[in-house]
Amino acid sequence: MTDIESFIRGLPKTDLHMHIEGSIEPQLMLDLAARNGMKLRWDTAEALRGAYQFDNLQSFLDLYFEGCKVLVTEGDFRDVTRAYLRRAHEDGVVRAELFIGPQSFIERGTPLEALMSGVLGAMQEARREHGLSVGLMISVHRHRTEADAMVMLDQIMPWKDQIIAIGMGGAEIGNPPAKFARFFKAARDRGFRTTVHAGEEGPAAYVREALDLLQVDRIDHGNACLADPDLVRELAMRRIPLTVCPLSNLRLQGVTEMARHPLKTMMAQGLHVTVNSDDPPYFGGYVTENLLACRDALDLSLQEIVRLVRNGLEAAFVTTEEREMLLGQLDDYLARHAGASMS
Ligand SMILES: Nc1ncnc2[nH]cnc12
Ligand SMILES: [Zn+2]
């Protein structure tokens with residue numbers, strides 16, 4: 001490992017956009033399938049990893065939802081969450097905010113209680129064992145109906161105090177934010193923070209809708225906003241965080257090569273950009289690999305990398321006291337590495 005790489009890996013980072021069901025490493029996927037008496041289309045981890053080649057968001061979602069089938073029992077949800085959190089801790093992540101979309105699992109008969117108990121149990125364990133700060137976000141699928149999302153919202157209320165936000169992912173084009181205006185209002189009325197995938201494959205108009213109609217606190221991805229200068233100005237002025245996922249954008253053909261990724265342009269326009277992993281095994285990396293890929297392709301300075309990391313800590317859904325504590329960790333790290341790092 002180079003000095004720069006170990007400096008970046010050691011930075012106290014966030015991962016604010018990561019889907020638990022998209023974090024199953026290939027070997028764990030095979031193990032879970034065997035445990036649940038299922039046969040996958042691939043026999044080895046290498047063969048499965050080899051299938052992670054995508055033309056667009058939908059081709060990824062097809063495989064992602066197929067992979068979801070191996071998560072059945074409380075123990076499965078505990079194991080996959082535990083594995084991600086251990087890996088994130090090793091990657092220098094100090095604050096992880098995890099999405100899970102229960103609709104995939106409930107419709108196959110897994111009780112919501114089992115899913116929540118597995119995920120929340122692993123989160124509690126990671127707080128204890130790794131000192132990790134971690135929060136859970138419940139995500140609904142935009143290719144389903146708003147009525148389905150409303151049912152989900154009712155079902156999760158018993159866990160309200162253990163859920164930091166409500167989000168939405170899935171097939172973007174043809175499913176604009178406007179379709180879920182009443183759902184997001186209901187979530188806000190119940191006291192939830194909100195975030196939504198917008199402008200990943202969809203147009204700037206979807207980011208505008210997310211802001212005006214859904215009134216979200218953060219935007220997941222948001223890349224397409226650059227096509228609308230007024231929107232960029234407003235996002236920047238209001239410091240709405242964008243949880244950008246560079247390797248995801250590359251692997252889903254949002255950009256043809258990393259050198260063309262808009263991250264640096266987004267930063268230059270004053271947007272509150274953060275770097276996140278999305279679905280790490282599917283896209284070839286955790287947060288550190290995302291930062292390294294951007295650094296290599298976009299020639300980011302270490303100051304710019306530190307800015308991205310600081311943006312993540314500032315965008316986290318935590319209390320003011322916890323944010324101060326996390327920012328203090330970053331400042332301590334930078335003080336310890338002064339000189340060596342900031343060239
Ligand atoms: N990148 C992505 N876009 C939309 N939905 C998702 N679910 C998991 N990853 C996603
Ligand atoms: Zn995502």
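Donors here are N, O and S atoms within 2.8 Å of the metal (3.2 Å for Na, K and Ca); water is not among the atoms, so sites may look incomplete. With that in hand, the zinc ion (ligand 2) has protein donors H17 (NE2), H19 (NE2), H197 (NE2) and D278 (OD), lying 2.0 to 2.2 Å from it. This is a predicted model, where local features need pLDDT of at least 70 and side-chain atom pairs count only at pLDDT 80 or more, while totals for chains, interfaces and linings use all residues. Residues are numbered from 1 along each chain, ligands are numbered from 1 in the order written, and side-chain values use heavy atoms, with hydrogens and water left out.

**Zinc site**
- Along the chain, the donors follow the spacing H-x1-H-x177-H-x80-D.
- H197 sits in strand β5 (residues 193–198) and D278 in the loop between β8 (272–275) and α14 (280–283), so this pair ties together parts 81 residues apart in sequence; strands are DSSP runs of E, at least two residues, and helices are runs of H or I, at least four, numbered from the N terminus.
- H197 and D278 are both buried (under 20% relative accessible area; exposed is over 50%, partly exposed in between; 1.4 Å probe, protein chains only).

**Salt bridges**
- The count comes to 27 salt bridges, each a side-chain nitrogen of Lys or Arg within 4 Å of a carboxyl oxygen of Asp or Glu.
- R35 pairs with D76, with closest N and O atoms 2.8 Å apart.
- D76 is buried at 0% relative accessible area, whereas R35 is partly exposed at 46%.
- R35, D76, D79, R82 and E125 form a linked salt-bridge network.
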